[in-house]
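Work through the following exercises with the coordinates open. Each one sets a task and then gives a solution in steps.

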Amino acid sequence: MSRITEAFKNKPIFMPYFPLGYPDLDTSIDVIEALAKNGADLIEVGLSFSDPLADGPVIQHATQIALEQGITVKKSLQAVAELRKRGVDIPLVLMGYYNPMLAYGLEKFVHDAVEAGVDGFIVPDLPMEEAEEFTSALGKLGGRYDGDALSPSYRDHPLIQMLAPTTPPERMEMIARNAKGFIYLVSVTGVTGERKSISEGLGELIARVREHASAPMCVGFGIGTPEQAKEVGKMADGVIVGTACVKAIGGSEQPVEAAKEFARSFREALREAAG
Amino acid sequence: MTLLPTKFGKYGGQFVPETLMPALMELEEAFVSAKADVEFQREFNKLMASFVGRPTPLTYAKRLSEKLGGAQIYLKREDLAHTGAHKINNALGQALLVKRMGKKRVVAETGAGQHGVASATAAALLGLDCVVYMGLVDIARQEPNVFRMKLLGAEVRPVDSGTKTLKDAINEAIRDWVTNVRDTHYLLGSALGPHPYPTMVREFQSVIGREAREQIMMEVGRLPDTVIACVGGGSNAIGVFSGFVDDEQVELIGVEAGGSGIESGKHAARFGDPSRGRVGVIHGTRTYVLQDEDGQIAETHSVSAGLDYAAVGPEHALLRDTERAFYTSATDEEALNAFQTLCHTEGIIPALESSHAVAEVIKRAPRMRKDEIILVNLSGRGDKDLNTVIKEIGV
């Protein structure tokens, strides 16, 4: 069983996002380790890009600092390997924009990422229509043909598909049906960042997706507090928290302590959501 | 499934967040149906004539031709279009589509301010709300256009992120669009970005090439030997090229911003710098992009804000690969010299962007025979650049 599948045994799961290299590389590794060991079930590990057009100001700022600190794709993958060496055994999913992956060499990128211990990929500027190049790179990772059209490596290290509130029904059905790993449901139209309240139509949106999806469904964008996480956790299989995580930890004098506290508070809230 | 091809060879595509995909499909549908709709075409053509002042003239540059002593030079006068540049063709076309889609608000990016002014103008004419994103660096160097946009009722939002130029203005416009996509259209100003923009913008700008072809045939009875245009994102170039691309004997030349020189690293020559200009994905499209080894988008430099951009429209990437068009560059200094030359010989103050095309004319014309013809697209007028020019060369 893949790490991702394993992680969804106890739902709803808590998925924080944190960019490697922020506020510096060593601290970011310590922070991610602390998140993993204090309640995160899966971590979205951020790769930085100069032009993060799906991100709000907080993540823009953090990834900008990471770049100024000299983060690269190569160093990011080495950091993932270091996390595995430290005994982090939850799934780690890389979240990053497409161009740095292309510049690294796509096949080499997915190969090196999986070697380093990455379990999946989220690429916000790669919709279904443009995903083939990426999935075929995943397909070349090797693995044996076992009667399933997908090679085991692809199944085990999926490119996560996103769904948005604007996605029309037919398209939603197609994406949901083909989704691997889990579905990333964007809860609001907009960029990443906290919102005052959870969008009203979320329950209905989740119900619509569930009709077609066999993969677990995680909700992200706009969730900022344990209370909101709890509310969403009652409806979804996982809760993704990015901006609030970056803000709480990045703004702290003691980022590792802040990470522990942050993970515990959300973990607790989601335990309550599970009832 | 899209109605039109999304790619130019391997370039182009739709590399955008899922939230925007439905908006791109809706836009493509509106564009395809409008294109087939006689009524829409009639309305567009009417505005082009009665509001923009088309057709723009073709001017024989007699004194410049004599001075250079080679090819005969003709200027396609997009600087005489209303608002002072070719940008209005596309802005009005898209604004009409916005009405058709029933949206009420447009966001736009601008570098030199020409597209921002064109968008603000189209929005005022058609009763739309308009927000223009502009980098702080560009606001400082294109101040007159900032005032014009405000006078036309647009809100100009300064962009303080990244390099504070066109690239960052596009990022912010896209972020606004993602957030307000249900009632907002992104009025993208060049032949770049995700499909259908490169195709749609070319279509609205193809009026330049159609007119120019007809005018040169009327004037001299034959096609030009060479067509020259500056290339930032590449909308004026693709517009004028489209009129001649099927005439294989016509040489097509695009001129990128050479900034302080290719070797200085301070430029915006995506095709001209093979070490940093590599195929990548930015702002929704696959094309040549100036980037570092790690795939971070490079900082660019040009004296002209409108050419100061790290990527180029995907169709230009294909034209370059197939060698249907050739791309070269002009430095800041060459552009400034060309600017003055055109002022003195023809009584025309060109935009600094267009001055890059004129700089190539100055290099090329003396090497050509007197019975050969160069047609250059004078994409805009230079009033907006007076502050920059005064600073650079004094008066």
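**Exercise 1. Disulfides**

Task: Determine how many disulfides the whole structure holds over all chains, and examine Cys218(A) and Cys230(B) as two cases.

Solution.
Step 1. A search over all chains of this predicted model returns 0 disulfides.
Step 2. The criterion is a pair of cysteine sulfur atoms within 2.5 Å.
Step 3. For Cys218(A), the closest cysteine sulfur belongs to Cys245(A) and is 15 Å away, so the separation is too far for a bond.
Step 4. Cys218(A) is also buried, its relative accessible area being 0%.
Step 5. For Cys230(B), which is in no disulfide, the nearest cysteine sulfur is that of Cys343(B), at 16 Å. Cys230(B) counts as buried too, with 2% relative accessibility.

**Exercise 2. Nonpolar cores**

Task: Describe the largest nonpolar core, and find which helix gives the most to this core.

Solution.
Step 1. The largest nonpolar core has 99 residues. Those touching the most other members are Leu35(A), Leu94(A), Tyr98(A), Phe109(A), Phe121(A), Phe134(A) and Phe182(A).
Step 2. Helix α13 (residues 255-274) of chain A gives the most, with 7 residues.
Step 3. Take Leu94(A) as an example. With neighbours within four places in sequence left aside, its contacts include Val45(A), Leu47(A), Leu77(A), Val80(A), Phe109(A) and Phe121(A).
Step 4. A separate second core has 71 residues, among them Ala108(B), Val117(B), Ile174(B) and Leu192(B).

**Exercise 3. Cavities**

Task: Count the cavities of 30 Å³ or more, then characterise the largest and the second largest.

Solution.
Step 1. The count is 8 cavities of 30 Å³ or more.
Step 2. The largest has a volume of about 310 Å³. Its lining comprises 31 residues, and those nearest its centre are His86(B), Lys87(B), Gly306(B), Leu307(B) and Glu353(B).
Step 3. Elements of chain B that give two or more residues to this lining include β5 (105-110), α5 (114-126) and α8 (166-180). By residue class, the lining of the largest cavity has 10 nonpolar, 17 polar and 4 charged members.
Step 4. The second largest cavity has a volume of about 200 Å³. Of its 22 lining residues, Tyr17(A), Asp55(A), Ile59(A), Thr192(A) and Gly242(A) are the closest to the centre.
Step 5. In chain A, α3 (57-68) and β8 (238-241) give two or more residues to the lining of the second largest cavity. That lining divides into 12 nonpolar, 8 polar and 2 charged residues.

**Exercise 4. The largest pocket**

Task: State how much space lies in the largest pocket and which element supplies the largest share of its lining.

Solution.
Step 1. The space in the largest pocket is about 390 Å³.
Step 2. There are 22 lining residues, of which Val137(B), Arg141(B), His301(B), Ser302(B) and Asp308(B) are the closest to the centre.
Step 3. Two elements of chain B, α6 (136-141) and α14 (386-393), each supply at least two lining residues. The largest share, 4 residues, comes from α14(B).
Step 4. The lining of the largest pocket divides into 6 nonpolar, 8 polar and 8 charged residues.

**Exercise 5. A loop residue**

Task: Locate Ala213(A) and list its contacts beyond four places in sequence.

Solution.
Step 1. Ala213(A) sits in the chain A loop between α10 (202-210) and β7 (217-220).
Step 2. Leaving aside neighbours within four places, Ala213(A) is in contact with Ala176(A) and Ile183(A).
Step 3. The C-alpha atoms of Ala213(A) and Asn178(A) are 8.0 Å apart, although 35 residues separate the two along the chain.

Note on methods
Residues are numbered from 1 along each chain as its sequence is written. Chains are lettered from A and ligands numbered from 1 in the order in which they are written. This is a predicted model: local features need pLDDT of at least 70, side-chain atom pairs count only at pLDDT 80 or more; totals for chains, interfaces and linings use all residues. Side-chain values use heavy atoms; hydrogens and water are left out. Contact means heavy atoms within 4.5 Å. On a 1 Å grid over the protein atoms alone, a cavity is a set of points where a 1.4 Å probe fits but cannot get out, and a pocket is an open set with protein on both sides within 12 Å along at least five of seven lines; lining residues have an atom within 4 Å of a point. Grid points are joined across faces, edges and corners, and a volume is the space filled by probe spheres set on the points. Ala, Val, Leu, Ile, Met, Phe, Trp, Tyr, Cys and Pro count as nonpolar, Asp, Glu, Lys and Arg as charged, and the others, Gly among them, as polar. A nonpolar core is a set of buried Ala, Val, Leu, Ile, Met, Phe, Trp, Tyr and Cys residues joined through side-chain atoms within 4.5 Å. Buried means under 20% relative accessible area, exposed over 50%, partly exposed in between (1.4 Å probe, protein chains only).
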